[in-house]
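Colleague: I have a few questions about this model. Can we go through them one by one?
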Amino acid sequence: MKHEEEEEEKEEEEEGEEEEKEEEMQTEPAQDEDGWTYLHLVVFMYGRLIAAGHEERARLLIRAMYRLALSGVDVNARDSRGRTALVLAAIVSMDNAGNIDQSLVTHLLRIGTSEVGNYNCLTTLKH
């Protein structure tokens, strides 16, 4: 009987610890102090990898973008400068000739990003 009580207490403690971990995850800020979400970070890292010639590694980040979108991240969140992940993608994926990585932009559009308002990345960067 004493053994059963000890097991019940252990189970209750484990459940309490799991609930605390879930609460911590839910209270984690969606954006950092610069307003970047995980999606902003993934887009930035994609641009760095492409610039360094690591296309295969960059493709892995495309998968991460889809997973972030499915997890509920705000795909249209703006950073402290007013840039969405789509705007950031246009900036970080531009080559020396001024061409934007259409693959990255296409994937961002597929996950639901949009650029509305007074900061249209595609026309701003082309001029």
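Modeller: Yes. Keep in mind that this is a predicted model. We can start with Leu86, which lies in helix α4.

Colleague: Is Leu86 buried or exposed?

Modeller: Leu86 is buried, because its relative accessibility is 4% and the cut-off for buried is under 20%.

Colleague: And what about the rest of α4, how many of its residues are buried?

Modeller: Six of the eight residues of α4 are buried, so this helix is largely enclosed by the rest of the structure.

Colleague: Which ones are they, the buried residues of α4?

Modeller: They are Ala85, Leu86, Val87, Leu88, Ala89 and Ala90.

Colleague: Back to Leu86 for a second. How many residues along the chain separate it from His107, and what is the distance between their C-alpha atoms?

Modeller: Leu86 and His107 are 21 residues apart along the chain, and their C-alpha atoms are separated by 9.7 Å.

Colleague: Now Thr84. Where is that one?

Modeller: Thr84 is in the loop between α3, residues 55–71, and α4, residues 85–92.

Colleague: Buried or exposed?

Modeller: Thr84 counts as buried, because its relative accessibility is 1%.

Colleague: What is Thr84 in contact with, leaving aside neighbours within four places in sequence?

Modeller: With that exclusion, Thr84 has contacts with His40, Asn76, Ala77, Arg78 and Glu115.

Colleague: Different topic: salt bridges. How many are there?

Modeller: The count is one salt bridge. It joins the side chains of Arg83 and Asp79, at 3.0 Å from N to O.

Colleague: Are those two, Arg83 and Asp79, buried or exposed?

Modeller: Both Arg83 and Asp79 are buried.

Colleague: Why would two such side chains pair up at all?

Modeller: In general, side chains of opposite charge can pair when their charged atoms come close.

Colleague: Last topic, helix packing. How do α2 and α5 sit relative to each other?

Modeller: Helix α2 covers residues 38–51 and helix α5 covers residues 102–110; their axes come within 11 Å and cross at roughly 165°. That angle is over 145 degrees, so α2 is roughly antiparallel to α5. The crossing of α2 and α5 is right-handed.

Colleague: Which residues make the contact?

Modeller: From α2 they are Leu39, Val43 and Tyr46, and from α5 they are Ser103, Leu104 and Leu108.

Colleague: What classes of residue are in that contact between α2 and α5?

Modeller: The contact of α2 with α5 has five nonpolar residues, one polar residue and no charged ones.

How values were computed: Residues numbered from 1 in each chain as written. Predicted model: local features only at pLDDT ≥ 70, side-chain atom pairs only at ≥ 80, totals over all residues. Heavy atoms only, no water. Salt bridge = Lys/Arg side-chain N within 4 Å of Asp/Glu carboxyl O. Buried < 20%, exposed > 50% of the residue type's maximum accessible area, 1.4 Å probe, protein only. Axes fitted to C-alpha atoms, helices over the stretch in contact; angles between N-to-C directions. Helix = DSSP H or I, 4+ residues; strand = E, 2+ residues; numbered from the N terminus. Parallel < 35°, antiparallel > 145°, perpendicular 65-115°, else oblique. Left-handed = near helix turned anticlockwise from the far one by under 90°. Contact = heavy atoms within 4.5 Å. Nonpolar A, V, L, I, M, F, W, Y, C, P; charged D, E, K, R; others polar.
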